[in-house]
Amino acid sequence: MFDNHYRLLKPLSTEGGTADVWLAIDVNTIDTSFDEIDSGEHSNENSGMLVAIKIYRPKNALDIEGEQRFRDEFKIVYECRHENLLQPTNFSIFEGIPYLVLPYCKYGSSEQLIGKTLSPDEIWKFILDVSSGLNRLHTNEPSIIHQDIKPANILICNTKDYAITDFGISSKHSGTHGFYYEDENSGTMAYMAPERFQENAEPICQSDIWAFGATLFEILTGNVPFGEEGGRYQMESKAQVPIVNNTSSDIQRLVNDCLSLEAGNRPSAKIIKEAALARQYPVRSRRKYILALGLISIAIVIISIFFLSPEKSIPVDKQFEIALNDVKSDDAATVKRGISMMDSLSNLRYIPAIYQMAYTYGWYIEKESLKRKNILGIEVFDNEKDGLYLPKVDRYSNEAMALFSKILELDDSTFAEINAQSAYRLACYYVNPNQIIKSNMSKGKMYLEQSKKWAELSKDSILLDKINKSLDTFK
């Protein structure tokens, strides 16, 4: 028995820095019945309500600090109610030991999702719930920064919704709870953003977004993105965000932006929530409307074709031909129109259009690709001697890599030649020194072998020659 109120059953977590979490029965909720035969009162232990109790571990920190920490952990969330935040139901002190009572989540934490194959619906559900909880914290007055977002602190409620828990080191941006922020090591290093390792770092909402990106990356891949040193390694090595394979390009872009080295380049929790609701990132509807205003005459023609003569709707391959002719034009407005059409077709998973978008954003020295970048205002590192025409802004190269990965994910043998080119281009990023992706020869070799398979199928002798020469360097 604990505090004459709770029967402790088993520990749920003993890994916390200052507290243990126990599964317990609230004995006040156990049903009792009166037996007329022996005039005795009997209780049904199985009827008691299960709860989780977070009990302070007094030997690990000053008692007065622990008491205040628990008191404020209770208040900080109690006053910030939301379905995706796990609300403590009680705070008390027993024999000098403070403790919190929380709902018991029988499905455990999101740690169990790590490395599992999740459907798009399951991934977007996770993103929506966690971003909704973060948005509630970050839009509070003053903002509340959690500071320890990770899979273990995102529980799966009995309703199968996700809820953020463990606010033991949370901070209010106004500084009213500044004592929570002990130093840069408050939290779990693998999920700590780069700026948290800087001297005199102040808590900011964007650090929670980086931690969310690291959490999502780990759930999708089975590994944290930058090892156990987290943002410190990213900051010191200038490492690029690893590619997340076997998921949609939208989710890849979201993870990449959340893990941006610069805090200002990360999306807000509100933007992530909107992306989850729309199931796309970034949410492109507004951009498409703006583009449509500039292309109103073309829109009228297309609408006329589709609505006045439904039987004469333009097939996807014909739309692609029109778009391809447009992007090859020397007129800037026509090229932009073609790229807009390609973008729409790529969203329909039409592989040739996906490749053309990757060709537009990616690392190419061909004049056609450079012309498109120039029209779109995408600056490149102009180094003709080394053949380096990489976009100066990383997100364009990351977008291209995500599109190449999407093509390979679709695995459509109808477009074997495009598949071969896509795998070869991904290999180039990993094998050739560049400012976007850290060299990874094993990945480079994997993509070269994948490219060779498709090149043999498409009988592309020129590409096969390039691939074989590259593979010879691994011998």
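**View 1. Lysine 238 and asparagine 246 share a loop between α4 and α5.** With a relative accessibility of 55%, lysine 238 counts as exposed (exposed is over 50% relative accessible area, buried under 20%, partly exposed in between, with a 1.4 Å probe and protein chains only). Lysine 238 sits in the loop that runs between α4 (231-237) and α5 (249-258) (helices are DSSP runs of H or I with at least four residues, strands are runs of E with at least two, and both are numbered from the N terminus). Though not a glycine, lysine 238 has a positive phi of about 55 degrees. Asparagine 246 isn't a glycine either, and its phi is positive at about 60 degrees. Asparagine 246 counts as exposed because its relative accessibility is 75%.

A quick word on what you're looking at: this is a predicted model, where local features need pLDDT of at least 70 and side-chain atom pairs count only at pLDDT 80 or more, while totals for chains, interfaces and linings use all residues. Residues are numbered from 1 along each chain as its sequence is written, and side-chain values use heavy atoms, leaving out hydrogens and water.

**View 2. Helix α3 is mostly covered.** Of the 17 residues in α3, 15 are buried. The helix takes in residues 205-221, and at 1.5 Å a residue it should span 24 Å (the expected span is 1.5 Å times one less than the number of residues). The C-alpha atoms at its ends are 25 Å apart, which agrees. Glycine 222 follows α3, with a positive phi near 95 degrees.

**View 3. Helix α12 has a buried side and an exposed side.** In α12 (residues 367-376), the buried residues are Ser369, Arg372, Lys373 and Ile375. Looking down the axis of α12, you'd find its buried residues within an arc of 165 degrees, so they line one face of the helix (the arc is that of the directions from the helix axis to the C-beta atoms). An α-helix has 3.6 residues a turn, so residues three or four places apart point the same way. Turned away from the buried side of α12 is a face with the exposed residues Lys367 and Asn374. The cover over the buried residues of α12 includes α9 (316-327), α10 (332-347) and α11 (351-361). After α12 comes glycine 377, whose phi is positive, near 75 degrees.

**View 4. Phenylalanine 320 and tyrosine 350 meet edge-to-face.** Across the whole structure, a search turns up twelve aromatic pairs (rings of Phe, Tyr and Trp, using its six-membered ring, pair if their centres lie within 6.5 Å; planes under 30 degrees apart are stacked, over 60 edge-to-face and the rest tilted). For phenylalanine 320 and tyrosine 350, the centres are 5.6 Å apart, with 65 degrees between the planes. Phenylalanine 320 belongs to helix α9 and tyrosine 350 to the loop between α10 and α11, so the pair ties together parts 30 residues apart in sequence. Phenylalanine 320 counts as buried at 13% relative accessibility, and so does tyrosine 350 at 17%.

**View 5. Tyrosine 359 and tyrosine 364 form an edge-to-face pair.** Their rings are 4.6 Å centre to centre, and the planes make 65 degrees. Tyrosine 359 is buried, with a relative accessible area of 12%, and tyrosine 364 is buried at 2%.

**View 6. Proline 282 follows a cis peptide bond.** The bond runs from tyrosine 281 to proline 282, with omega near -10 degrees. Proline 282 is placed in the loop between α6 (269-278) and α7 (285-294).

Notes:
Contact means heavy atoms within 4.5 Å.
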